[in-house]
There are 2 protein chains.
Amino acid sequence: MVSQPEASQHEAGQHEGVGAWAKRYYFTNREALESALRPFGLGSTQWYVLYQLANDGPTMQRDLAQLLHLERATLSGIVTTLVRKNLVDQVEGAGDRRQRMLELTAAGTELWAKLPDPIAEIRAIAFGPTSDADTRTAIRVLREATERLTEHMAAAGRGDDPRTS
Amino acid sequence: MVSQPEASQHEAGQHEGVGAWAKRYYFTNREALESALRPFGLGSTQWYVLYQLANDGPTMQRDLAQLLHLERATLSGIVTTLVRKNLVDQVEGAGDRRQRMLELTAAGTELWAKLPDPIAEIRAIAFGPTSDADTRTAIRVLREATERLTEHMAAAGRGDDPRTS
DNA sequence: CGATAATCGTCAGGTAACGAACAAACTGAG
DNA sequence: CTCAGTTTGTTCGTTACCTGACGATTATCG
């Protein structure tokens, strides 16, 4: 309740506010990304992995999961795909044989050089006409909301009722 | 948040701005929704369908797809699931036998009465402390960005290059 | 040292979303 | 009336997320 008088009654879409628009933007953005990447046979998440490897060099798979905010299991599948396409090498970790080190193959490096930067393009289209102040506000609102939810769920998970001190 | 030295410069997450946070908020929000709904054996989108049917009464499947911004194919699966759970009836349309009318079953109505409203709760937690003005700005930024991207993709799809007179 | 605990990657199973291709049903031109 | 085209829902294949469980490994502590 709190917020928005929200006036009207029907329209499940509108009624939802930030959540609904965050969702719609996420999917629209992903669609744009993927249609830009389709000619190269890449999915959006695959692109992010290549981006990371191209910019920060070889990376431990475990670290990559954190950088991209993905679960280990999710990343595992993506990496398998990229290895199958021969764009990424997955080699056994140096000291620790549980870990895997990821790096671009020659073919991966070559492909990366040819790739456009769809992120920059999409950002230009989507937020070009938006003022920096508004953009910053939007980021802050989303970030704070995410943080509050994360914290709340962590607390609930712990059975951590603040009143139960 | 506590930890995260973050702050610094490159970091693939940050670098993306609104897009990355829209994504993170979307997934965090969905996780919260789903953990609230898990005890009832419902997924988030299934909940939205019930919400719609409970509030606006029986609805044509085709209209529901529009209301919830889903593709026919996506909704088809969701509906199948709800029918299998005996929460929704899918009956042949009156005049047009291609169409399907959806409505809650008795069991569906009963379950709905017992359900909490996780949306309201989540909104309170996520946006309670955020000013209305900031919330409205965030919505506007996301909405405008979505519209620009949609328009751009539609134009590209049509092969509608302004320079190609 | 050896049992136990934690970490890492993978697999299996589930949800949600998409597009392409299809059959059935409707619509409209001729 | 008939046949081509459209609409509606379904099915299938793909991507991308998640959990939970498991095997292999490494770390820790009694």
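Q: In what order do the elements of chain A run from the N terminus on?

A: This is a predicted model, and the run in chain A reads α-α-β-α-α-β-β-α-α-α. Count by type and you get seven helices and three strands.

Q: How would I find out which strands of chain A pair, and in which sense?

A: Look for the bridges. Strand β1 (residues 59-60) of chain A pairs with β3 (residues 100-104) in the antiparallel sense, over two bridges. Strand β2 (residues 88-92) of chain A also runs antiparallel to β3(A), and here five bridges do the joining. So β3(A) has a partner in β1(A) as well as in β2(A), under the rule that at least two bridges make a pair.

Q: Which residues stand opposite each other, with β3(A) as one side?

A: Take T59(A), which faces L102(A) in β3(A). For the other partner, pick D89(A), whose opposite number in β3(A) is E103(A). A general point to keep in mind while you look at side chains: in a regular strand they alternate between the two faces of the sheet.

Q: How do I check a helix length, say for α1(A), residues 18-37?

A: Multiply out the rise and compare with the end-to-end distance. At 1.5 Å a residue, the 20 residues of α1(A) should span 28 Å, and the end C-alpha atoms are 28 Å apart, so the two agree.

Q: Is α1(A) mostly covered or mostly open?

A: Mostly covered, since 20 or more other C-beta atoms within 10 Å make a residue buried, and 14 of the 20 residues in α1(A) are buried. For chain A as a whole, buried residues make up 24% of the 165 residues.

Q: Why does L87(A) count as buried?

A: Count its neighbours: L87(A) has 23 C-beta neighbours inside 10 Å, and that is why it counts as buried. L87(A) sits in the loop between α4 (72-84) and β2 of chain A. Setting aside residues within four places in sequence, its contacts are L50(A), L82(A), L104(A), T105(A), A107(A), G108(A) and L111(A). With A107(A), the C-alpha distance is 5.7 Å although the two are 20 residues apart in sequence.

Q: What about Q61(A): buried, exposed or partly exposed?

A: Partly exposed, because 17 other C-beta atoms lie within 10 Å of Q61(A). Q61(A) belongs to helix α3 (residues 61-67) of chain A. Not counting residues up to four places away, Q61(A) touches L75(A), V79(A), Q99(A), R100(A) and L102(A). The C-alpha atoms of Q61(A) and L102(A) are 6.2 Å apart, with their positions 41 residues apart in sequence.

Q: What share of the contacts in chain A comes from residues 24 or more positions apart?

A: Among contacts with a separation of 6 or more, 44%.

Q: How many residues does the largest nonpolar core have, and which elements supply it?

A: It has 38 residues, and those with the most contacts inside it are A22(A), L142(A), A22(B) and L142(B). At least two residues each come from α1, α6 (118-127) and α7 (132-158) of chain A, and from α1, α6 and α7 of chain B. To see the two chains meet, follow A22(A): beyond its sequence neighbours within four places, A22(A) is in contact with L142(A), A22(B), Y25(B), Y26(B) and L142(B). Another core, of 13 residues, lies apart, and among its members are W47(A), Y48(A), L87(A) and L104(A).

Q: How many residues of each chain are in contact with the other?

A: 50 residues of chain B are in contact with 50 residues of chain A. On the chain B side, two or more residues come from each of α1 (18-37), α2 (44-56), α6 (118-127) and α7 (132-157). The largest share there is from α7(B), with 17 residues. By class, this side of chain B has 25 nonpolar, 15 polar and ten charged residues.

Q: Which residues come closest to DNA strand C?

A: Of the 23 residues around DNA strand C, the closest are Q61(A), R62(A), A73(A), G43(B) and A73(B). Helices α3 and α4 of chain A, with α2 and α4 (72-84) of chain B, each give two or more residues to that surface. The largest share, four residues, comes from α4(A). The classes are seven nonpolar, eight polar and eight charged.

Q: And which come nearest to DNA strand D?

A: G43(A), A73(A), R97(A), R62(B) and A73(B), out of 26 residues around DNA strand D. Here α4(B) gives the most, with six residues. The surface near DNA strand D divides into seven nonpolar, eleven polar and eight charged residues.

Conventions:
Residues are numbered from 1 along each chain as its sequence is written. Chains are lettered from A and ligands numbered from 1 in the order in which they are written. This is a predicted model: local features need pLDDT of at least 70, side-chain atom pairs count only at pLDDT 80 or more; totals for chains, interfaces and linings use all residues. Two residues are in contact if their C-beta atoms, placed from the backbone, lie within 7 Å. Ala, Val, Leu, Ile, Met, Phe, Trp, Tyr, Cys and Pro count as nonpolar, Asp, Glu, Lys and Arg as charged, and the others, Gly among them, as polar. A residue is buried if 20 or more other C-beta atoms lie within 10 Å of its own, exposed if 12 or fewer, and partly exposed in between; C-beta atoms are placed from the backbone. The expected span of a helix is 1.5 Å times one less than its number of residues. A residue is near a molecule or strand if its C-beta atom, placed from the backbone, lies within 6 Å of it. A nonpolar core is a set of buried Ala, Val, Leu, Ile, Met, Phe, Trp, Tyr and Cys residues joined through C-beta atoms within 7 Å.
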